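Biologist: Please take a close look at one part of this model for me. I would like to hear about the loop that follows the second helix, and how it sits in the whole.

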Amino acid sequence: MKFNTRFLHGAFPPDFHGATLPPVYLVSAFAQESAEKLEKVFANTASEFAYTRISNPTISAFEKRIAVLEGGLDAV
């Protein structure tokens, strides 16, 4: 697989809407089911998103794509 193809598609299937690239999330906070779930997210024991300055789906997707390009295992 050439660099450009790996960069755009890598090993990432399209999302449930069919998009091949992730959207840019322009929100600052994400809804949670409960205060207990939010506590787990802030304690890094749950893999959800809570607040954009900590992490968000756009940054996570970028980190994973860079890891694929550089031959890394995954982004932490």
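Modeller: Of the 76 residues in the protein chain, 16% count as buried. Keep in mind that this is a predicted model. The accessible surface comes to about 6100 Å². Carbon and sulfur atoms hold 60% of that surface.

The fold comes next. The chain has three helices and zero strands. Along the sequence, the pattern reads α-α-α. Take the contacts between residues at least 6 apart in sequence: 38% of them join residues at least 24 apart.

Now the loop itself. Y51 lies in it, between α2 (35-42) and α3 (57-69). Y51 has a relative accessible area of 33%, so it counts as partly exposed. Y51 also belongs to a nonpolar patch on the surface. Its partners there are L38, F42 and I54. Together, the four residues offer about 370 Å² of accessible area.

F49 sits in this loop between α2 and α3 as well. F49 counts as partly exposed because its relative accessibility is 24%, and buried would mean under 20%.

F49 brings us to the ring contacts. The structure holds one aromatic pair. F30 and F49 form it, with ring centres 6.0 Å apart. Their planes meet at 45 degrees, and the pair is tilted. F30 lies in the loop between α1 (3-8) and α2. The two residues are 19 apart in sequence, so the pair links distant parts of the chain.

Note on methods: Residues numbered from 1 in each chain as written. Predicted model: local features only at pLDDT ≥ 70, side-chain atom pairs only at ≥ 80, totals over all residues. Heavy atoms only, no water. Patch = residues over 30% accessible without salt bridge, like charges linked within 9 Å, V, L, I, M, F, W, Y side chains within 5 Å. Areas by Shrake-Rupley, 256 points an atom, 1.4 Å probe, with all protein chains shown as cover. Salt bridge = Lys/Arg side-chain N within 4 Å of Asp/Glu carboxyl O. Helix = DSSP H or I, 4+ residues; strand = E, 2+ residues; numbered from the N terminus. Buried < 20%, exposed > 50% of the residue type's maximum accessible area, 1.4 Å probe, protein only. Contact = heavy atoms within 4.5 Å. Phe/Tyr/Trp six-rings, centres within 6.5 Å; stacked < 30°, edge-to-face > 60°.
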